[in-house]
Amino acid sequence: MRGEAGDGLIDRFLAREHGQWARVWPAGQEPLDDVTARQAVAVVTLTAPTTAELPGLLTTVPALRGGTPGATRIRTQHMAAWLETIFPGDDQPLPDLADQPMPKPATDPLTPLGPDLVAERLLAGTDELGALVLAVHDHEGRTTRHLVRMLDILRSSSSREPVRSALRSLVTRRIGSLVAEAAEAPGTRLGDALNAAVTLFTADRRLAEAAAALPVRRDARLGLRALDVTLGELAVRHLRARREPLALAWALSVLSARLVAVGRVGEAVVAAAESADLFAAAPPYEDAAGHAEALYDLSACLLFAGESGRALRPAQEAAARYRILAEEDPRHTEQAARAHHNLACALLEADRLYEAVAAFAASGGDPDVAANLTDILSVLPDPTPDRPAHLPQRTADRPTPLP
């Protein structure tokens with residue numbers, strides 16, 4: 001029900017609701033202005049709070065805060081009682097003027113305004129919606145459940161420019177805290193709700209810049225994999241536009257790992273290959289660790305894609321580069337071990353079994369296991385021709401160093 005006719009019908013419905021709401025405003029209280037009433041109803045619509053949570057969240061409404069703490073508490077309590085009356089839930093009718101509203105249990109959530117088209121129209125007509133949304137996000141009493149609800153209703157109502165603008169302001173100005181909260185609450189829908197909101201603004205330059213400034217995490221985070229891909233793509237787009245080749249190379253390397261985590265292996269190979277090419281084009285040793293990591297990522301992506309033949313060369317180069325880096329700086333030891341393990345996988349796929357065992361040993365694998373594997377290979381028919389001169393030895397067979 002969109003267009004002028006639909007909007008007119010919804011406007012008439014909201015006007016009727018406003019009239020009913022005004023009838024149950026507590027007698028003897030200062031009359032409620034339309035702006036404050038609409039903002040208070042918007043808070044309920046955005047968060048669907050319980051009766052216990054409502055008074056605190058109402059302090060996000062500008063007209064209800066300020067002055068002494070006691071005055072603020074009284075104003076929010078009166079407003080909360082009014083909202084509990086007009087949103088009784090369970091299809092209960094509004095009370096008559098003479099009725100006293102029945103108290104709701106503190107854990108009973110208020111029923112927000114609906115259906116979605118009505119909520120959309122109300123939010124679009126709420127004064128200073130963007131500031132109100134940011135205030136709700138920043139409120140100390142706001143929970144993750146409230147935030148998920150707010151992201152959902154703003155996204156579903158985003159065809160209205162005021163609502164879309166409020167959502168854009170939220171994800172752009174608070175992206176860091178939003179991502180951090182989603183990481184701390186992987187069992188909620190926050191990661192998915194935030195990703196759905198962010199994807200509405202992938203062409204927004206300010207959001208891309210904010211995404212590029214976020215702390216880089218290479219691990220696949222539970223509940224955030226799709227969001228991490230979206231943020232990684234935003235960062236790549238921003239850095240590509242700024243023509244920062246090394247920063248772009250790092251962002252592509254990180255994005256390739258994130259793409260693999262969501263099953264987009266073909267795109268991961270493309271990103272990893274571009275990252276390796278950018279590092280290779282840089283002056284020698286300008287970012288040796290970045291080049292080694294990009295080669296490692298490329299080989300891993302190719303292995304995931306089933307292209308073991310193409311994976312071997314970057315795997316060998318990554319292991320060699322990390323081995324040199326680890327000799328110069330022990331902080332690269334873990335990456336060197338990981339690169340040799342990756343090389344072992346590539347060699348195994350290429351049927352270069354002796355070299356695979358040697359790479360497994362170089363990765364920190366159990367030396368006795370490596371020696372046993374070598375012994376098994378030595379008695380197999382038609383041994384592979386890649387047997388190295390120095391094979392892994394069992395611990396008991398190693399010479400004892402002189403004192």
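**Note on a predicted helical model**

1. Leaving aside neighbours within four places in sequence, Arg 174 is in contact with Leu 134, His 137, Asp 138 and Ser 169. The model under review is a predicted one. Arg 174 sits in the loop that runs between α8 (161-173) and α9. With one of these partners, Asp 138, the side chain of Arg 174 forms a polar contact of 2.8 Å.

2. On the overall fold, the protein chain contains 19 helices and 0 strands. Of its 403 residues, 44% are buried. Among contacts between residues at least 6 apart in sequence, 66% join residues at least 24 apart.

3. The largest nonpolar core has 65 residues. Those that touch the most other members are Leu 58, Trp 82, Leu 83, Phe 87, Leu 151, Val 171 and Leu 194. Helix α2 (residues 34-47) provides the largest share of this core, namely 7 residues. Leu 58 may serve as an example of the packing. Not counting residues up to four places away in sequence, Leu 58 touches Ala 40, Val 43, Leu 64, Thr 76, Met 79, Ala 80 and Leu 83. The last of these, Leu 83, is itself listed with the core residues that touch the most other members.

4. Apart from the core just described, there is a second, separate one of 41 residues. Its members include Leu 246, Val 260, Ala 276 and Ala 359.

5. The largest pocket holds about 420 Å³ of space. It is lined by 21 residues, and Leu 214, Pro 215, Val 216, Arg 217 and Arg 258 are the closest to its centre. Four helices each contribute at least two residues to this lining: α9 (175-184), α11 (205-212), α12 (225-242) and α13 (245-261). Sorted by class, the lining comprises 14 nonpolar, 2 polar and 5 charged residues.

6. The second largest pocket has a volume of about 280 Å³. Its lining consists of 14 residues, with Pro 284, Tyr 285, Ala 288, His 291 and Arg 321 nearest the centre. Two or more lining residues come from each of α14 (265-281), α15 (288-304) and α16 (308-328). Helix α16 gives the most, with 4 residues. The lining of this second pocket divides into 9 nonpolar, 1 polar and 4 charged residues.

7. Turning to enclosed space, the model has 1 cavity of 30 Å³ or more. The largest cavity has a volume of about 30 Å³. Asp 219, Ala 220, Arg 221, Arg 225, Asp 228, Arg 258, Ala 261 and Val 262 form its lining. Helices α12 and α13 each supply at least two residues of that lining. By class, the cavity lining has 3 nonpolar, no polar and 5 charged residues.

8. Some elements recur in these points. Arg 258 is among the residues closest to the centre of the largest pocket, and Arg 258 also lines the largest cavity. Helices α12 and α13 each give at least two residues to the lining of the largest pocket, and each of them does so for the largest cavity as well. A reader new to the model may therefore wish to view this region with the pocket and the cavity displayed together, given that rolling a probe the size of a water molecule over the atoms shows where empty space is left.

Terms used
Residues are numbered from 1 along each chain as its sequence is written. This is a predicted model: local features need pLDDT of at least 70, side-chain atom pairs count only at pLDDT 80 or more; totals for chains, interfaces and linings use all residues. Side-chain values use heavy atoms; hydrogens and water are left out. On a 1 Å grid over the protein atoms alone, a cavity is a set of points where a 1.4 Å probe fits but cannot get out, and a pocket is an open set with protein on both sides within 12 Å along at least five of seven lines; lining residues have an atom within 4 Å of a point. Grid points are joined across faces, edges and corners, and a volume is the space filled by probe spheres set on the points. Ala, Val, Leu, Ile, Met, Phe, Trp, Tyr, Cys and Pro count as nonpolar, Asp, Glu, Lys and Arg as charged, and the others, Gly among them, as polar. A nonpolar core is a set of buried Ala, Val, Leu, Ile, Met, Phe, Trp, Tyr and Cys residues joined through side-chain atoms within 4.5 Å. Buried means under 20% relative accessible area, exposed over 50%, partly exposed in between (1.4 Å probe, protein chains only). Contact means heavy atoms within 4.5 Å. A polar contact is a pair of N or O atoms within 3.5 Å; within protein, one must be able to donate a hydrogen and the other to accept it, and residues adjacent in sequence count only if both atoms are side-chain atoms.
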